[in-house]
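This report is written for a reader meeting the structure for the first time. It proceeds from the overall fold to individual helices and then to charged pairs.

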Amino acid sequence: MENTNLAFSSHSDFGSDRAKAHSIEKPDSVNLTEVGGLRGARIASVISQINESFADQQFSTRVVAEKLGLSVRYVQDLLQGSGLSITDRIMELRLEKARSMLTGDRQCSLKISEVAAACGFNELSYFHRSFRRRFGASPAKFRIQSMNG
């Protein structure tokens with residue numbers, strides 16, 4: 001079975017302790033690779049769907065459930081023991097992609113709104129709030145600070 005651990009790092013870019021406070025690791029979380037059988041296979045399928053489609057603006061728990069022929073509640077239940085909900089996983093992946101795009105050389109010419117859309121955010125204001133909460137700076141300020149070293 002593929003590795004079903006989603007490894008998120010806690011970025012403390014620019015000395016922000018806020019990013020540390022939002023660390024994804026939960027001390028009581030279950031290692032999803034230890035789950036076997038049908039449940040383990042379904043968890044792997046759910047995580048695979050998340051990793052493949054998180055940047056799609058229409059992506060949701062419902063979409064995962066429909067693709068896998070499962071109920072929305074069961075999909076939520078599959079990830080419950082990991083300490084991180086499906087919604088939180090999707091958000092973290094989107095924000096990490098946005099951070100990467102804002103600091104990448106090739107994407108520096110993209111507008112903030114283009115980055116937000118490419119990462120799956122429907123609303124620019126929601127993207128700004130979420131990004132600031134996660135990284136302690138607005139996307140524009142984060143980009144400028146990363147360029148200045």
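A residue is called buried when its relative accessible area is under 20%, exposed when it is over 50%, and partly exposed in between (1.4 Å probe, protein chains only). The model is predicted, and local features therefore need pLDDT of at least 70, side-chain atom pairs count only at pLDDT 80 or more, and totals for chains, interfaces and linings use all residues. Residues are numbered from 1 along each chain as its sequence is written, and side-chain values use heavy atoms, with hydrogens and water left out.

## Overall architecture

The chain contains eight helices and zero strands; here helices (H or I, at least four residues) and strands (E, at least two) are DSSP runs, numbered from the N terminus. Along the sequence the pattern reads α-α-α-α-α-α-α-α. Of the 149 residues in the chain, 41% are buried.

A contact means heavy atoms within 4.5 Å. Among contacts between residues at least 6 apart in sequence, 66% join residues at least 24 apart. The chain exposes about 8200 Å², of which carbon and sulfur atoms supply 47%; accessible areas come from the Shrake-Rupley method with a 1.4 Å probe, and for residues only the protein chains shown count as cover.

## Helices α2 and α8

Helix α2 spans residues 37-53 and has 17 residues. From its first C-alpha to its last it reaches 25 Å, close to the 24 Å expected at 1.5 Å a residue, where the expected span is 1.5 Å times one less than the number of residues. The buried residues of α2 are Gly40, Ile43, Ala44, Val46, Ile47, Ser48, Gln49, Ile50 and Ser53. These buried residues pack against α3 (61-68), α4 (72-80) and α5.

In helix α8 (residues 139-147), the buried residues are Pro139, Phe142 and Arg143. They cover an arc of only 100° around the axis, which puts them on the same side of α8; the arc is that of the directions from the helix axis to the C-beta atoms. The cover over the buried residues of α8 includes α5 (86-103), α6 (112-118) and α7 (124-135).

## Salt bridges

Side chains of opposite charge can pair when their charged atoms come close. A salt bridge is counted when a side-chain nitrogen of Lys or Arg lies within 4 Å of a carboxyl oxygen of Asp or Glu. The whole structure holds five salt bridges, among them the three in the table.

| Salt bridge | Closest N to O distance |
|---|---|
| Arg39 and Asp77 | 3.5 Å |
| Arg62 and Glu66 | 3.2 Å |
| Arg134 and Glu92 | 2.8 Å |

What does the salt bridge of Arg39 with Asp77 connect? Arg39 lies in helix α2 and Asp77 in helix α4, so the pair ties together parts that are 38 residues apart in sequence. Arg39 is partly exposed, with a relative accessible area of 32%, and Asp77 is also partly exposed, at 25%.

The salt bridge of Arg62 with Glu66 sits within one helix: both residues lie in α3, four residues apart, about one turn of the helix. Arg62 counts as partly exposed at 45% relative accessibility, whereas Glu66 is exposed, with a relative accessible area of 56%.

Are the partners Arg134 and Glu92 buried or exposed? Both are buried. Their salt bridge, with closest N and O atoms 2.8 Å apart, links distant parts of the chain, Arg134 in helix α7 and Glu92 in helix α5, 42 residues apart. Salt bridges that share partners join Glu92, Glu96, Arg99 and Arg134 into one network.

## Residues of helix α7

Arg134 has a relative accessibility of 3%. Its C-alpha is 7.8 Å from that of Leu95, although Arg134 and Leu95 are 39 residues apart in sequence.

Ser130 also lies in helix α7 and is buried, with a relative accessible area of 4%. The side chain of Ser130 reaches the backbone oxygen of Tyr126 at 2.9 Å. This is a polar contact, a pair of N or O atoms within 3.5 Å; within protein, one must be able to donate a hydrogen and the other to accept it, and residues adjacent in sequence count only if both atoms are side-chain atoms. Not counting residues up to four places away in sequence, Ser130 touches Met91, Leu95 and Phe121.
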